[in-house]
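I opened the model to follow a few residues and one pocket, and I kept these notes as I went.

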Amino acid sequence: MKRESRTLDNIMKAIDAKPVHIPWRIRVKQWYLKLLSNRIFAITVKSIPILVLLILLFHTFASVSKIGNREFNIKEHHVEDGYLYITVENASIDKEQSYMVATNGDTVYHPTLKGIRDNTAVFKFDGNSYNIYLYSTDGRALQLLIDGQ
């Protein structure tokens, strides 16, 4: 720093100019403002990831608590024209995982969905006894035993 100051003084003497001296008080104020602004920037940069993590955790806990309070259950069911209609509430049926299997284990049927908003699974039904496994898209499950008699 001293060498740079001497070099600057030599340049100023060579061009016959008077150097402008900044008073010590102003230099201290500038140093303090620079230090303060750097700290604010550092604190802001460090706190943004923490805030994002807290928001994600809050969102996760809030959505899990909503799911935990809702029960996945049957709203209504009926047989019509050789088809069994099962309507559930508080969940969407996962068509790929849900199935109906005969009690002897021979025949397996996968449902067709009547409507996404209706949450109605439709199975071909011939009047025999079946075990039905309905899964929701969020991982909950229902097991039913349907007896044709």
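I began by fixing what I would call a contact, namely heavy atoms within 4.5 Å. The model is a predicted one, in which local features need pLDDT of at least 70 and side-chain atom pairs count only at pLDDT 80 or more, while totals for chains, interfaces and linings use all residues. Residues are numbered from 1 along each chain as its sequence is written, and side-chain values use heavy atoms, with hydrogens and water left out.

**Ser98**

I looked up Ser98 and found it in the loop between β2 (83-89) and β3 (99-102), where strands are DSSP runs of E with at least two residues, helices are runs of H or I with at least four, and both are numbered from the N terminus. Setting aside neighbours within four places in sequence, I listed Ile93, His110, Pro111, Tyr133, Leu134 and Tyr135 as the contacts of Ser98. Is Ser98 buried or exposed? Its relative accessible area is 0%, so I noted Ser98 as buried (buried is under 20%, exposed over 50%, partly exposed in between, with a 1.4 Å probe and protein chains only). I also noted that a polar atom of the Ser98 side chain lies 2.8 Å from the backbone oxygen of Asp94.

**Tyr99**

Next I turned to Tyr99, which lies in strand β3 and is partly exposed because its relative accessibility is 25%. Again leaving out neighbours within four places, I found that Tyr99 touches several residues, among them Val108, Tyr109, Phe123 and Ile132. I compared Tyr99 with Val88, and the two are 11 residues apart in sequence and 15 Å apart in space, C-alpha to C-alpha.

**Aromatic rings**

I then searched the whole structure for aromatic pairs and obtained 3 (rings of Phe, Tyr and Trp, the last by its six-membered ring, pair if their centres lie within 6.5 Å; planes under 30 degrees apart are stacked, over 60 edge-to-face, and the rest tilted). The rings of Tyr109 and Tyr130 have centres 6.0 Å apart and planes at 65°, so I recorded this pair as edge-to-face. The pair joins distant parts of the chain, with Tyr109 in strand β4 (residues 108-109) and Tyr130 in strand β7 (residues 130-135), 21 residues apart. Tyr109 is partly exposed at 24% relative accessible area, whereas Tyr130 is buried at 2%. I noted lastly that Tyr109, Phe125 and Tyr130 form one aromatic cluster.

Technical notes. Polar contact = N/O pair within 3.5 Å; in protein donor to acceptor, adjacent residues only side chain to side chain.
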